[in-house]
Number of protein chains: 2
Amino acid sequence: METVSSISEFELIRRLQAVLDNHSNQENPSENIVLGIGDDATVAEINSDLEVATTDTLVEGVHFTSESISMKDLGWKSIAVNFSDIAAMGCSPIYSLVTLGLKPSQTVASLENLYKGMAEISERYGGKVVGGDIVRSDTFFISVTVVGAPCATPVLRRDKARSGDVVAVTGHLGCSAAGLRIITKNLSLPDNVKEHFANSHSRPIPQIDIGASLAVQGIECAMDVSDGLLNDLSKICVASNVSANVFVNDLPVHEHLRTYFPDIWDQLAVGGGEDYELLFTIPEELKDRISQNPNSGFKIIGTITEGNEGVKVIGPDGALKDYSTGGWDHFKEQA
Amino acid sequence: METVSSISEFELIRRLQAVLDNHSNQENPSENIVLGIGDDATVAEINSDLEVATTDTLVEGVHFTSESISMKDLGWKSIAVNFSDIAAMGCSPIYSLVTLGLKPSQTVASLENLYKGMAEISERYGGKVVGGDIVRSDTFFISVTVVGAPCATPVLRRDKARSGDVVAVTGHLGCSAAGLRIITKNLSLPDNVKEHFANSHSRPIPQIDIGASLAVQGIECAMDVSDGLLNDLSKICVASNVSANVFVNDLPVHEHLRTYFPDIWDQLAVGGGEDYELLFTIPEELKDRISQNPNSGFKIIGTITEGNEGVKVIGPDGALKDYSTGGWDHFKEQA
């Protein structure tokens, strides 16, 4: 019997989507759904206004452990990963719904700390928590849904990359993955360095302002880097029916990552995951205008090309290098 | 140390809400949130249009077991309980997001059946599944968020009952709780009777059409009956700062319930839970107009009175009867 662990997450989603498609109502089509399953967020039209919605869940033992993150940071992060999806659509958050699956033995104080982290991030970026559900569960989980509104139209999406575009990314890559290594392996590093990496992992900053700015300036193709640059750029290529080249020497890599991870900094930057930066493409005609601001907060790292050859990564020595890791697949991990 | 099981679910929500309130941003108030935590759904204003959002989660071993419900019915029910909240606001569903927490050993075929049930209900009522998240979890759970739009304004809410209103409820009460008893205790009953009760429990019908009709006709106070009539009417009383009297002999009780549960039909009707009917109040001035239609789909069961005395239930013999069960509190259940 075929089980969840015997097929890929991608294939499972495709199979479930097929069930929904087979039942789609001919008499009552969902005319108000502009963009369904497959992008960072769903886009719906309600009374001629566009909105976006996304949901992301963190499960204890899969996405975090009580040793790997404080409850306050977990609260921040559970909202931040959703805000990152909203940012990737060029939108800003309006409200959040939070579902907690709780073990009866969990302390009220720890949950108050969780909510402090949630309150802090919505104090900074909006998207206040306005409701949710609390259920008993033998496995602790936090499921967050965020609804947002576009800062400009069209909203950013994955399938708009075109041959000739350049590829760009915000912030730094690889620091979050380094942070996870440091926490789980309890690596010994100077305090300030440790803090830099731990914060990258535990308190990601959703790039809402940059996402909005990109949409306003006419950028159309973006997604957030949650599964690693290589994996996520591949998704843009598949959705847009293009290929890409990326140059490792052009990646935004923090000096701490090069210094403290001299042998694997490039692996962490290319495939680390959980960066929650914005990955986007800039069409030729916008390139000069958008790139000329040195404080723009992003870096050009490659080019979009024709064909269906996926993503080629040119390593530090200028030669093609295979960084394929298969990305994150939580079911496969255990299988 | 205070734990989740040592306080009530209500108190836990109050404590977490207090954390959010302490951090509410003075410079950036959530002006677009019309109604936050505490009603069946959140009401938000986006670009001057109102929308509602609700989320409900079903956890294996807490809300269902693989013996108590088929996967297809579970798919239907996981959406239906959310649609019921949307109906209770006088709204209709626009789109749904589904998060699955899956054990690696679950079969793909069983999940396809789950989605068939979801597809069937949205084929009937709209609110198509347009996205979500799939995560690995040692505990199987289904978390659904539904966004809807008002069929008329103002939307229905819990805090609008006034002394002098009559109390009304749609459909029948108690059949779902009877269904759960029959399934879990494997009671022997005629097939058609068993099917009636099992369907009441496993395939609840969200009262979207009636909710919309009530809002259009000027009703302002409603909620859905998910935790039992007594428990839920008490919530209306607390929110509206009123009391209520309910007459058991006026409750809409199916003949099968009286026949096959002669000793406890009234207990099941008053406190059974999971009815997913609409409970609402009708102001004096609307009573004649709204009640005159014999096919209206609801029944008047009591009155709203002044004070804070909660809900008094007048039993089958005309005397006050104490049906208090403490309602459903999934944490207490185990504690």
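The following exercises, each with a worked solution, concern a predicted model and treat the contact between chain A and chain B before turning to the sheets within each chain.

**Exercise 1. The interface**

Determine how many residues of chain B and of chain A are in contact, and what area is buried between the two chains.

Solution. Begin with the residue count: 76 residues of chain B are in contact with 76 residues of chain A. The size of an interface is often given as the accessible area lost when the parts come together. Here the area buried between chain B and chain A is about 7000 Å², and carbon and sulfur atoms give 65% of that area.

Next, consider the polar part of the interface, where 18 residue pairs are in polar contact between chain B and chain A, both residues being at pLDDT 80 or more. On the side of chain B that touches chain A, the elements giving two or more residues include α1 (9–22), β4 (91–102) and α3 (108–125) of chain B. The residues of that side of chain B divide into 33 nonpolar, 28 polar and 15 charged.

**Exercise 2. Salt bridges of A:R15**

Identify which residues form a salt bridge with A:R15, one in chain B and one in chain A.

Solution. Side chains of opposite charge can pair when their charged atoms come close. Between chain B and chain A the count is 2 salt bridges, whereas over all chains the count comes to 29. Across the interface, A:R15 pairs with B:E112, with the closest N and O atoms 2.9 Å apart, a distance that meets the criterion of within 4 Å.

Within chain A, a salt bridge joins the side chains of A:E2 and A:R15, at 2.9 Å from N to O. This pair links distant parts of the chain, since A:E2 lies in the segment before α1 (9–22) of chain A and A:R15 in helix α1 of chain A, 13 residues apart.

**Exercise 3. The sheet β1-β2-β3-β6-β4-β5 of chain A**

Explain why one side of β1 and of β5 of chain A is left without a neighbour in the sheet.

Solution. First establish the arrangement: 6 strands of chain A form an open sheet in the order β1-β2-β3-β6-β4-β5, with mixed pairing. Because β1 (33–35) and β5 (129–136) of chain A stand at the edges with a single partner strand each, one side of each has no neighbour in the sheet. From one strand to the next, the twist averages 25°.

Then examine one pairing inside this sheet, that of β4 (residues 91–102) and β6 (residues 141–150) of chain A, which run antiparallel and are joined by 10 bridges; in β6(A), A:P150 stands opposite A:C91. Finally, place the helices: α2 (residues 71–88) of chain A lies across β3, β4, β5 and β6 of chain A, at about 145° to β3(A), while α3 (residues 108–125) of chain A lies across β4, β5 and β6 of chain A, at about 175° to β4(A).

**Exercise 4. A sheet of chain B**

Find which strands of chain B are the edge strands of the sheet that contains β8 and β12 among its 6 strands, and which helix lies across β7, β10 and β11 of chain B.

Solution. The order in this open sheet of chain B is β8-β10-β7-β11-β9-β12, and the pairing is mixed. The edge strands are β8 (221–225) and β12 (311–314) of chain B, each of which pairs on one side only.

Further in, β7 (residues 166–170) and β11 (residues 298–305) of chain B pair in the antiparallel sense over 5 bridges, and B:V167 has B:G302 as its bridge partner in β11(B). The helix sought is α10 (residues 284–291) of chain B, which lies across β7, β10 and β11 of chain B and runs at about 130° to β10(B).

Terms used
Residues numbered from 1 in each chain as written. Chains lettered and ligands numbered in written order. Predicted model: local features only at pLDDT ≥ 70, side-chain atom pairs only at ≥ 80, totals over all residues. Heavy atoms only, no water. Contact = heavy atoms within 4.5 Å. Buried area = accessible area lost by both parts, 1.4 Å probe. Polar contact = N/O pair within 3.5 Å; in protein donor to acceptor, adjacent residues only side chain to side chain. Helix = DSSP H or I, 4+ residues; strand = E, 2+ residues; numbered from the N terminus. Nonpolar A, V, L, I, M, F, W, Y, C, P; charged D, E, K, R; others polar. Pairing = 2+ DSSP bridges. Axes fitted to C-alpha atoms, helices over the stretch in contact; angles between N-to-C directions.
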